[in-house]
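Q: Please take a close look at one part of this model: the enclosed space inside it. Start with a single cavity, then work outwards to whatever shares its surroundings.

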Amino acid sequence: MGRNEHQVRANVEGPRGEWSTVSDPAVTTAWVRAFIDELARAGVEHVCLAPGSRSTPLVMACARESRIRMWVHLDERCAGFFALGLGKTTRRPAAVITTSGTATANLFPAVIEASHAGVPLLALTADRPRRFRGTDANQTIDQSQLYGSFVRESLDAGEAPAGDLRGIRKLAAGAVAATGGMDPGPVHVNFPLDKPLEPVELGAEPEVDGASREPVMDQSGAAPAEDEVRAVVAALETASRGLIVVGPVPDP
């Protein structure tokens, strides 16, 4: 936990040490910055986004992150497919950020393509606070499990807690890891964000717990287990005729 994260905890912790979910801009700023920092540490280099107000904290956190390149699109569908193309080219997950409501549904085609093509992708959707669900509030739909079985993981970041930010860092690391492995594909992370949405200055740059640890995602690519290789070899040795299947080869 960085110095500024400790400061946020001290500022919002109650008189009896009780923590609560608060719409404090300092809490939201530190929380979202910790998530984006962890994405960058895990190897995410590209973020695609479309205009929207609810996603402001996520976008502003990316804008100040020198390790991430931002790509701005006018439409969520364009942003989604551009992120898909980046994932195909780099074999690393590109993130795409949307505002809340029906904007999130515009990512569905790219998510489906990424799922079937085995392309790593991070769908980061901003959401209204949970208390607005089921109230017919503007730009509010049920975004949990929005992409169904087409994502490898569907995660809810919850609302920014006042205090320890280790949980959001763990969530970010796990989300990146879930896009890779033997079954790469898209991962959805939903962010219920409360007003005020504008970030505030926290002072010193955040320090990172365990900064010397290895990235959570091995970019060298996953390899099959030895017993799986032996099974394939045995099948080939006993086959009387062979078949060559030609298709996309991401790492020739």
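A: The second largest cavity has a volume of about 50 Å³. The model is a predicted one. Its lining runs through Gly43, Val44, Glu45 and His46, then Leu86, Gly87 and Thr90, and ends with Arg92, Pro93 and Ala94. By class, this lining divides into 4 nonpolar, 4 polar and 2 charged residues. Glu45 and Arg92 supply the charged part, since Glu and Arg count as charged. Helix α4 gives the largest share of the lining, 3 residues.

Now the wider count. The structure holds 3 cavities of 30 Å³ or more. The largest of them has a volume of about 70 Å³. It is lined by 13 residues, and those closest to its centre are Thr28, Thr29, Pro57, Leu197 and Pro199. Two elements, α2 and α3, give two or more residues each to this lining. Helix α2 has the largest share, with 5 residues. The lining of the largest cavity divides into 8 nonpolar, 2 polar and 3 charged residues.

Take α3 next. This helix covers residues 56-63, and Ala63 belongs to it. What is the exposure of Ala63? Its relative accessibility is 51%, so Ala63 counts as exposed; the cut-off is over 50%. In space, Ala63 lies 9.7 Å from Val47, C-alpha to C-alpha. Along the sequence, Ala63 and Val47 are 16 residues apart.

Helix α2 leads to the aromatic rings. The count comes to 5 aromatic pairs. Which geometry do Phe35 and Phe191 show? Their ring centres are 4.8 Å apart and their planes meet at 85 degrees, so the pair is edge-to-face. This contact links distant parts of the chain: Phe35 sits in helix α2 (residues 25-41) and Phe191 in strand β6 (residues 186-192), 156 residues apart. Phe35 has 0% relative accessibility, so Phe35 counts as buried. Phe191 is buried too, because its relative accessible area is 0%. Trp31 joins Phe35 and Phe191 in one aromatic cluster.

A second pair leads back to α4, the helix with the largest share of the lining of the second largest cavity. Trp71 and Phe82 form a tilted pair, 4.9 Å centre to centre, with 45 degrees between the planes. Trp71 lies in strand β2 (residues 69-72) and Phe82 in helix α4 (residues 76-90), so their contact ties together parts that are 11 residues apart in sequence. How exposed are these two residues? Trp71 has a relative accessible area of 22%, so it is partly exposed. Phe82 is at 31%, so it is partly exposed as well.

One more helix rounds off the tour. Helix α6 (residues 166-178) has 13 residues. From its first C-alpha to its last, α6 reaches 18 Å, close to the 18 Å expected at 1.5 Å a residue. Its buried residues are Ile168, Arg169, Leu171, Ala172, Ala173, Ala175, Val176 and Ala178. An α-helix has 3.6 residues a turn, so residues three or four places apart point the same way. In α6, Ile168, Leu171 and Ala175 are among the buried residues.

How values were computed: Residues are numbered from 1 along each chain as its sequence is written. This is a predicted model: local features need pLDDT of at least 70, side-chain atom pairs count only at pLDDT 80 or more; totals for chains, interfaces and linings use all residues. Side-chain values use heavy atoms; hydrogens and water are left out. Helices (H or I, at least four residues) and strands (E, at least two) are DSSP runs, numbered from the N terminus. The expected span of a helix is 1.5 Å times one less than its number of residues. Buried means under 20% relative accessible area, exposed over 50%, partly exposed in between (1.4 Å probe, protein chains only). Rings of Phe, Tyr and Trp (its six-membered ring) pair if their centres lie within 6.5 Å; planes under 30 degrees apart count as stacked, over 60 as edge-to-face and the rest as tilted. On a 1 Å grid over the protein atoms alone, a cavity is a set of points where a 1.4 Å probe fits but cannot get out, and a pocket is an open set with protein on both sides within 12 Å along at least five of seven lines; lining residues have an atom within 4 Å of a point. Grid points are joined across faces, edges and corners, and a volume is the space filled by probe spheres set on the points.
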